[in-house]
Each structure stands twice: as structure tokens, then as C-alpha cells.
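Me: I've got this model open and want to go through how it packs. Start with a helix pair, then the rest.

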Amino acid sequence: MPNKIAVIQSPPVLLKLERSMERAVASIEEAAANGAELAVFPEAFLPGYPTWIWRLRPGGDMGLSGTIHRRLRENAVDIGKGDLAPLCEAAAKHNITVVMGMSEVDGQFSGSTLYNTVVVIGPDGTLLNRHRKLLATNPERMVWGHGDASGLRVIETPVGRIGTLLCWENYMPLSRFALYAQNLDILVAPTWDCGEAWLASMRHIAREGGCWVVSLATALNERDIPADFPNREELFGEDGWVCDGDAVVMEPFGGPVAGPLHRRQEVLYAEIDASRAASARRSLDVAGHYGRPDIFNLSVNRAPMQPVSFTG
């Protein structure tokens, strides 16, 4: 049975968690009012992707980099402190599953390290999964730490079995295979990448995995950068596209059924039928009859990476 989904590529309020959360809740309400049962947000939506890292000089801008990072840390999501409560309440109120990307601060151990995180929240408001990006890309490594595989899971939801990979994690064949081997219906790929090469990769994954692929980045224009962003005039102009968005929904073993939504700050709606994923793998099931487990075998360590354990 088809389910309606909402792919939300409108921008947050960069480096402002509370206002970005308000926008997210409003978008969830709008999606639910339009009949959506799943709402998907971009990579690092809370409180915005750190696009400045691609514009700063590695050595010369260390002071400015520290200033901006401090503001990012102050506006990062601390799950343990209940920062996701507004999202969980909105999901439960509107009976909708939510996939949200964020910068998450480690409030349990160091209190400082940030992670590029995506969570799945169920329609009853329960946090179903937290996945931290396994490896940050290029200058992202100056912002986010390495995640572990504790969240490399496929989660049962009312719209189908959902797995998530962030941005260039989708270029990691073993990460993809780890999800394919868990009876994956829908791969959600929140990202900052866009354009023809990225869209071609999403189409390839839909064929390789025989699954639905939902991908989006934030459609961000320079005019969306807040006036109080540190050294804004040095890093950004006034009216240029920072990221094109390109929200898209690919069908199993096929191409786009909705999108790409290019340079448009709106919601992309689509209908998907999760049962079509299993049917699409009849000819090519890379984790089943088209695999050779007698030759190839993948081992995944799901143990949480913890710097210390206390007993007694």
C-alpha cells in the first residue's frame, strides 16, 4: 500500500538551534496536514550544515574557525538533555515518522566533541535509531568526530524498513551492503552533495540495493545566512546559491519518481510502496541470491565506541 512522504529541503536558521527547531516543527505540521506519513530533513539541519568550512583557510582563519565552532557547539543537539523533545512531540502529535540530520554534541563523555548524526523518530514520538556519520569528509573532520556502527541499522516503521547513510557514507560499499543485508526498503540519504554526479549515484544505489532512495540537501542561498554570522561579509555574498538542494526520490531498480527539486526551498512530496523493494530484487539481490557468502563475508562491529567504562 503506498505511503505519502515529504522531503523537506527548506533551510534552517544557521547556527540557531531554537529557531531551526521551530522551522522543523512547522514543516512537520505542514507535511502531516498534506497527508505525509514520513518527513525527511537534510544532513545537519539542526542547526545547519557547517558550509563555512569549505570557505575558511586552514591556517590563516584559525581564530575565526574557533569562534564559529564555539557557536556551533553551543547550538548543537544534546539528546541526553532532551533537546529532541519538540521533534518527538511533533511526531507523536501528527502520527508521522521523522528522519532528522543534526550536529550532535557528546553530552555523555567529553561534553565537547560533535558528531554528524541522523535520527529516526517513530510516529509515537519514540527515538528509534541514532546513527553517527562513520567518517567526516575532508574539512568536515575539523568539525565532527568519527561515529561508530551502533546505529548502522534498518528500522521498522509504518512506511517501511528504513536505513540511513549520511552524504559520502553512501560511497562506502560496505556501509551500503550492511544495510542491504537487513532487508532494506528505503535508504534515506541526507547530504550536502547535489548535482548530476550525486543524482547518478542515488540512481545506482536504487538499482544495486533494489530499494527506494530518498536524498536531499538544504537548498541554501546566501541571503539565508543570518546577519550576525561571524565575519559574514568575508565568507558570503548577498544572493548566490550555496547548495542547490536537489531533493529526489528514486524507485527500486529504477529512476526518479519525484524531483530533483533544484534550487527551490519547498517540500517534495511522493508516494512510495515499500513492498516494491523486495519484488525489485527478484533478479538482483546482492545480499541474497546474487551474493557469494562462501567467498565474501562482511563483519560489522556494532559495539559503541566509549572512551571509558565504569564499574561498581
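**Packing, piece by piece**

Me: At what angle do the axes of helix 1 and helix 3 cross?
Reply: They cross at roughly 10 degrees, and the axes come within 10 Å. Axes here are lines fitted to C-alpha atoms, for helices over the stretch in contact, and angles run from 0 to 180 degrees between N-to-C directions. Helix 1 and helix 3 are therefore roughly parallel (under 35 degrees; over 145 is roughly antiparallel, 65 to 115 roughly perpendicular, the rest oblique).

Me: Before I go on, what am I looking at?
Reply: This is a predicted model: local features need pLDDT of at least 70 and side-chain atom pairs count only at pLDDT 80 or more, while totals for chains, interfaces and linings use all residues. Residues are numbered from 1 along each chain as its sequence is written, and side-chain values use heavy atoms, with hydrogens and water left out. Helices (H or I, at least four residues) and strands (E, at least two) are DSSP runs numbered from the N terminus.

Me: OK. Which residues meet between helix 1 and helix 3?
Reply: From helix 1, Met21, Ala24, Val25, Ile28, Glu29 and Ala32; from helix 3, Pro86, Leu87, Ala90, Lys93 and His94. Contact means heavy atoms within 4.5 Å.

Me: Which residues of the largest nonpolar core touch the most other members?
Reply: Phe41, Leu46, Leu87, Ile96, Val98 and Met100, out of 27 residues. A nonpolar core is a set of buried Ala, Val, Leu, Ile, Met, Phe, Trp, Tyr and Cys residues joined through side-chain atoms within 4.5 Å. Buried means under 20% relative accessible area, exposed over 50%, partly exposed in between (1.4 Å probe, protein chains only). Strand 1, helix 1, helix 3 (85–94), strand 3 and strand 4 (114–121) each supply at least two residues of that core. Helix 1 gives the largest share, seven residues.

Me: And what is phenylalanine 41 in contact with?
Reply: Beyond its neighbours within four places in sequence, phenylalanine 41 contacts Ile8, Ala24, Ser27, Ile28, Val98, Val99, Met100, Gly101, Pro190 and Leu216. Another core of 25 residues lies apart from the one above, with Leu15, Trp52, Trp144 and Val242 among its members.

Me: Sheets next. What's the order in the one with strand 14?
Reply: It is an open sheet of six strands, ordered 5-4-3-2-1-14, with mixed pairing. Two strands pair if DSSP finds at least two bridges between them. Strand 5 (127–132) and strand 14 (267–272) are at the edges with a single partner strand each, so one side of each has no neighbour in the sheet. The twist averages 25 degrees from one strand to the next.

Me: In which sense do strand 1 and strand 14 pair?
Reply: Antiparallel, over six bridges, with strand 1 covering residues 3–8. Alanine 6 is opposite tyrosine 269 of strand 14. Helix 1 (residues 17–33) packs on this sheet, touching strand 1, strand 3 (97–105) and strand 14, and makes about 45 degrees with the direction of strand 14.

Me: Asparagine 129: buried or exposed?
Reply: Asparagine 129 has 8% relative accessibility and so counts as buried. Its place is in strand 5. Not counting residues up to four places away in sequence, asparagine 129 touches Val118, Val119, Val120, Gly151, Arg153 and Ile155.

Me: What's the order in the sheet with strand 8?
Reply: Also six strands, open and mixed, in the order 6-7-8-9-12-13. Strand 6 (155–157) and strand 13 are the edge strands, each pairing on one side only. Strand 7 (residues 160–164) and strand 8 run parallel, joined by three bridges, and glycine 163 has leucine 187 as its bridge partner in strand 8.

Me: Which residues of strand 8 are on which side?
Reply: Ile186, Val188 and Pro190 are on one side, Leu187 and Ala189 on the other, and all are buried. With five of five residues buried, strand 8 is largely enclosed by the rest of the structure.

Me: Which strands does helix 5 lie across?
Reply: Strand 8, strand 9, strand 12 and strand 13, running at about 15 degrees to strand 12. The buried residues of helix 5 include Trp198, Leu199 and Met202, and just after this helix glycine 210 takes a positive phi of about 55 degrees.
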